Amino acid sequence: MTETTHAQDPAVREEILAYYARGEEDGRLRQGSNRLEFWRTQDVLRRLLPTAPAKVLDVGGGSGIHAEWLARDGYEVQLVDPVPLHVEQAGRLPGVIARAGDARALPDEEASYDVVLLFGPLYHLPERADRLRALAEARRVVRPGGLVVAATINRFAGLHDMLLWECYFDPAQRANTDAISNHGRNGGGPFTTAYFAQPHETPEEFAETGLTVEGQYGLEGVAWLMGGIEGWLDDPDRREAVLAAVRRTESEPTLLGTSGHLLTVGRRKS
């Protein structure tokens with residue numbers, strides 16, 4: 001079900017809207033090595049979330065790639081996203097209510113949800129003040145004792161990715177990749193405006209907005225950087241072995257930065 005009563009926030013950067021308006025996000029986690037990110041997100045959430053039915057707000061939830069299975073698992077899911085195409089796609093999913101909106105100004109009452117997911121907003125907000133606004137909004141709309149789960153892209157994910165695809169040997173791409181490794185800000189290229197965070201930054205931002213951090217989970221570990229990963233994920237037995245291996249090191253502090261994506265989990269104090 002799609003609701004269009006809330007207008008798109010004009011403060012969302014135009015290049016980000018244009019990037020996602022291409023319609024490629026819906027298929028990104030459904031193919032190739034990106035499936036590891038999807039299955040690991042599912043794996044972590046299914047261990048953390050309260051029992052269904054519980055009310056989940058999926059902020060920046062895109063086309064509903066996670067909202068879809070959460071609704072199927074019995075959760076009451078609402079999705080907020082600034083991209084009109086995403087709202088339209090997610091609104092067609094059974095059991096999902098999709099609305100236009102911005103993570104920094106959520107159109108919801110205080111303490112309305114049991115869980116708030118931020119799987120996108122934090123890494124598309126380069127300014128720390130904006131990330132704090134988004135986290136403060138998540139804290140506001142989650143009930144006391146409820147969970148906030150946020151995804152970030154790790155600082156050296158681009159460096160690792162460029163090495164994996166052998167793009168790092170091009171001098172221009174190397175210079176850009178090295179600069180991002182220094183300051184975390186991505187301004188274009190194959191991706192769009194984004195901020196790549198150090199693992200310690202997000203817990204600090206959680207704490208500053210009154211959220212108590214309960215854990216961090218590296219989603220891909222080192223598996224995403226290994227040759228043959230796509231074939232492993234195609235084979236059900238090998239896939240389960242890969243997921244189990246990554247699970248063993250998911251919260252090891254010395255390895256958190258090796259994953260492309262990191263989940264930080266916090267709770268609003270009762």
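The following exchange concerns a helix pair and two pockets in a predicted model.

Colleague: Why is α6 called oblique to α9?

Modeller: Helix α6 (residues 128-141) and helix α9 (residues 201-208) pack at an angle of about 55 degrees, and their axes lie 9 Å apart. Angles under 35 degrees count as roughly parallel and those from 65 to 115 as roughly perpendicular. The angle of about 55 degrees belongs to neither range, so α6 is oblique to α9. The crossing of the two helices is right-handed.

Colleague: What makes up the contact between α6 and α9?

Modeller: From α6 come Arg128, Arg131, Leu132 and Leu135, which meet Glu201, Glu204, Glu205, Phe206 and Glu208 of α9. By class, the residues of this contact are three nonpolar, no polar and six charged. Arg and Glu count as charged, whereas Leu and Phe count as nonpolar.

Colleague: Which residues and elements form the largest pocket?

Modeller: The largest pocket holds about 1000 Å³ of space. Its lining has 34 residues, and Arg28, Asn34, Asp161, Pro190 and Phe191 lie nearest the centre. Two or more lining residues come from each of α1 (14-20), α2 (25-28), α7 (157-164) and α8 (171-183). Helix α7 gives the largest share, six residues. The lining divides into 15 nonpolar, twelve polar and seven charged residues.

Colleague: What makes up the lining of the second largest pocket?

Modeller: The second largest pocket contains about 560 Å³ of space. It is lined by 39 residues, with Gly60, Phe119, Gly120, Pro121 and His124 closest to its centre. The lining has 19 nonpolar, eleven polar and nine charged residues.

Note on methods
Residues numbered from 1 in each chain as written. Predicted model: local features only at pLDDT ≥ 70, side-chain atom pairs only at ≥ 80, totals over all residues. Heavy atoms only, no water. Axes fitted to C-alpha atoms, helices over the stretch in contact; angles between N-to-C directions. Helix = DSSP H or I, 4+ residues; strand = E, 2+ residues; numbered from the N terminus. Parallel < 35°, antiparallel > 145°, perpendicular 65-115°, else oblique. Left-handed = near helix turned anticlockwise from the far one by under 90°. Contact = heavy atoms within 4.5 Å. 1 Å grid on protein atoms, 1.4 Å probe; cavity = no way out; pocket = protein on both sides within 12 Å on 5 of 7 lines; lining within 4 Å. Points joined across faces, edges and corners; volume = space filled by probe spheres on them.
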